[in-house]
Amino acid sequence: MSSETIQPCNLTCVKKMGQNGIVQPLLTDLYQITMAYAYWKAGKTSANAVFDLFFRKNPFHGEFTIFAGLEECLKFLEKFSYSESDIEYIKQILPSHIEQEFYEYLSSLTAKDLKVYAVEEGTVVFPRVPLLRVEGPLIVAQLVETTLLTLVNFASLMATNAARYRMAAGNLKLFEFGLRRAQGPDGGLSASKYSYIGGFDGTSNVLAGKLFNIPVKGTHAHSYVTSFSDFSELITKELHPKDGGPSKDILELAIGFRKRLISIFNVLLSEVSDGELAAFVSFAIAFPENFMALVDTYDVKKSGLINFCATALALNEVGYRAVGIRLDSGDLAYLSNIARSYFKKVEEEYKISYFSSLIIMASNDINEETILSLNEQGHCIDAFGIGTHLVTCQKQPALGCVYKMVELDERPRIKLSQDVEKVTIPGKKDAYRLYGETGYALIDILQRNLEDSPAEGKKVLCRHPFQESKRAFVKPSSVKKLHQLSFNQGKICKPLKNLQEVRKTVEQSLKILRPDIKRTLNPTPYKVSVSDDLYQFLHTLWLENAPIGELS
Ligand SMILES: Nc1ncnc2c1ncn2[C@@H]1O[C@H](COP(=O)(O)OP(=O)(O)OP(=O)(O)O)[C@@H](O)[C@H]1O
Ligand SMILES: O=P(O)(O)OC[C@H]1O[C@H](OP(=O)(O)OP(=O)(O)O)[C@H](O)[C@@H]1O
Ligand SMILES: O=C(O)c1cccnc1
Ligand SMILES: [Mg+2]
């Protein structure tokens with residue numbers, strides 16, 4: 001299919017194809033197209049290349065990364081083709097001397113001759129292990145570089161960030177509330193999607209819910225509370241009992257309950273906001289099954305909690321259960337403990353069995369450290385609503401995935417650097433994960449493509465790629481090949497998993513990591529090694545390619 005049918009921001013199209021509408025062949029850097037022309041002029045149309053897409057350092061001072069974005073990459077390749085208007089535009093931006101035959105060549109290009117070997121989406125991955133190995137015609141493999149990188153980098157960063165929040169929050173609910181603060185509309189959508197696969201339970205982003213089938217959740221804003229000043233503004237005060245019968249005046253009921261609550265909690269009537277109670281009653285009438293109130297507009301202890309409990313008790317009178325509260329300022333540990341103690345007291349006073357377990361949600365500039373600190377302090381929060389820090393990945397705003405040529409026409413290629421970490425590992429490689437008896441992953445090993453795979457129960461020499469003295473024999477209890485052929489002959493050749501399945505993969509994949517590798521403070525690095533054969537190959541090639549200097 002040509003990209004003509006996929007107009008930018010055509011969201012019907014996103015829904016139908018599960019593909020972001022702005023992902024198309026021109027979503028790339030100009031230099032890919034100028035290189036394509038120069039390759040074409042140089043007669044390299046039949047050259048065959050192998051590229052590795054990998055990163056060099058885990059994000060967030062951590063020692064693991066979650067690989068995400070694969071589905072988008074494969075869908076992009078499946079429809080990779082320049083439309084007539086793409087070609088017209090490229091003609092406008094390239095110099096006028098470019099030969100017409102090149103444009104004809106570009107018009108006919110598809111990704112049908114590419115093969116992509118990929119790690120399963122949602123898997124925990126480590127530096128230097130190729131996430132994708134792209135094999136095929138040099139020009140096409142080069143042309144897709146930027147798009148593949150932009151699809152993998154943010155997705156993986158976001159999924160990793162979310163997975164870290166999930167680990168910090170344990171079994172508590174996590175909701176992504178970041179659209180308003182995200183890096184633009186596409187950043188917002190991607191953040192909602194990949195935070196869900198990283199372990200969030202839902203999003204406030206309605207379009208993300210519609211497009212990706214993610215649960216959507218929400219409460220209300222301070223403006224809803226401040227829009228009410230007193231009881232006279234309430235036009236609707238009545239609600240029919242859940243089980244039928246004549247309607248009851250919820251405001252009157254709530255005012256009655258509030259009188260008693262004021263004396264139980266030792267608060268003055270003048271301290272409790274009437275506008276806030278009017279707002280709560282109005283919201284409860286609108287959503288009797290889903291009443292969740294933001295209680296920090298005026299004063300949590302003296303007003304918000306009293307008004308919430310009064311409204312929840314009124315709802316209870318007509319057979320509805322309130323859901324809970326949201327705290328959005330102040331000391332969240334302290335206020336959540338206070339809120340829980342209020343709920344327990346009300347439960348005792350009114351003998352309402354569910355009251356002590358009403359949900360307490362916390363929001364306000366929360367990040368991974370805040371959650372860990374709250375855990376240490378002790379709190380009664382059941383759910384977090386998290387925006388800015390999550391979706392902007394404030395702690396580290398980019399993952400450094402790169403795309404490097406490792407082989408051309410069956411001859412290995414190496415990129416040298418003064419910085420050893422930046423030297424590429426040449427040649428077509430396979431990656432294996434070796435597991436120990438406990439089920440935890442011991443080490444990843446990269447091997448030359450022609451080597452036999454490591455076998456269960458058989459010793460394998462694992463070497464540090466650059467430090468000669470660092471090596472170990474590893475006897476794996478089980479071995480997993482990390483790459484699978486995922487794109488071949490122009491088609492996605494491995495069934496795609498839905499978002500829920502990828503989310504499950506993330507959860508399972510993190511279980512195979514030892515806790516010390518996952519901890520937040522000074523985690524132990526997980527080792528990525530090379531086989532002895534690959535070690536020799538890499539270092540021989542390195543010496544061959546490094547010029548010998550002369551001193552005079
Ligand atoms: N118990 C706690 N331990 C650690 N951090 C907390 C705790 N309670 C709240 N925080 C965090 O502290 C920060 C408080 O933010 P800020 O200084 O803006 O206060 P605020 O409560 O929002 O004030 P205001 O009422 O003026 O809006 C937020 O990032 C919040 O997540
Ligand atoms: O704090 P975040 O993690 O980004 O979570 C989302 C925030 O967005 C909402 O209000 P907003 O920040 O727009 O206004 P507020 O600061 O006055 O609450 C909400 O009340 C949270 O505070
Ligand atoms: O539903 C909410 O409570 C919400 C949504 C977005 C941002 N802050 C809060
Ligand atoms: Mg805020």
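**Ligand 1.** I started with the shell around ligand 1 in this predicted model, and H15 is the element that gives it the most, with four residues. I then listed the whole shell: Ser329, Gly330, Asp331, Leu332, Ala333, Asn364, Asp365, Ile366, Thr370, Ser373, Leu374 and Gln377. Two elements give two or more residues to that list, helix H14 (332-350) and H15. I sorted the residues by class and got four nonpolar, six polar and two charged.

**H15 and its neighbour.** H15 had my attention, so I looked at how helix H15 (residues 368-377) packs on helix H7 (residues 145-169). The angle between them is about 5 degrees, and their axes run 9 Å apart. Angles under 35 degrees count as roughly parallel, so I wrote H7 down as roughly parallel to H15. On the H7 side the contact is made by Arg164, Tyr165, Ala168 and Ala169, and on the H15 side by Glu368, Ile371 and Leu372. I sorted this contact too: five of its residues are nonpolar, none polar and two charged.

**Ligand 2.** Which residues are the closest to ligand 2? I found Phe177, Asp328, Ser363, Gly387 and Thr388, out of 14 residues that surround the ligand. Strand S13 (383-386) and helix H16 (388-391) are the elements that give two or more residues to this shell. By class I noted three nonpolar, seven polar and four charged residues around ligand 2.

**Ligand 3.** Around ligand 3 I wrote down Phe177, Ser204, Gly218, Thr219, Arg326, Ser363, Gly385 and Gly387. Phe177, Ser363 and Gly387, which I had just noted among the closest residues to ligand 2, turn up again here. The class split for ligand 3 is one nonpolar, six polar and one charged.

**Domains.** How is the protein chain divided? I have domain 1 as 3-161 + 397-545 and domain 2 as 219-381. Their centres, taken over C-alpha atoms, are separated by 50 Å.

**UniProt spans.** I checked the UniProt record next, an unreviewed entry, and found "domain: Nicotinate phosphoribosyltransferase N-terminal" listed for residues 26-153. In the model I get 43% helix and 17% strand for residues 26-153, with the end C-alpha atoms 18 Å apart.

The unreviewed entry also has "domain: Nicotinate/nicotinamide phosphoribosyltransferase", covering residues 323-421. For residues 323-421 I noted 33% helix and 22% strand, and here the end C-alpha atoms lie 52 Å apart.

My last item from UniProt was "domain: Nicotinate phosphoribosyltransferase C-terminal", which the unreviewed entry puts at residues 428-537. The chain there is 21% helix and 35% strand, and I read 12 Å between the end C-alpha atoms.

Key
Residues numbered from 1 in each chain as written. Chains lettered and ligands numbered in written order. Predicted model: local features only at pLDDT ≥ 70, side-chain atom pairs only at ≥ 80, totals over all residues. Axes fitted to C-alpha atoms, helices over the stretch in contact; angles between N-to-C directions. Parallel < 35°, antiparallel > 145°, perpendicular 65-115°, else oblique. Contact = placed C-beta atoms within 7 Å. Nonpolar A, V, L, I, M, F, W, Y, C, P; charged D, E, K, R; others polar. UniProt positions renumbered as here; feature names shortened; annotations may be inferred. Domains from an automatic or database assignment. Near = placed C-beta within 6 Å.
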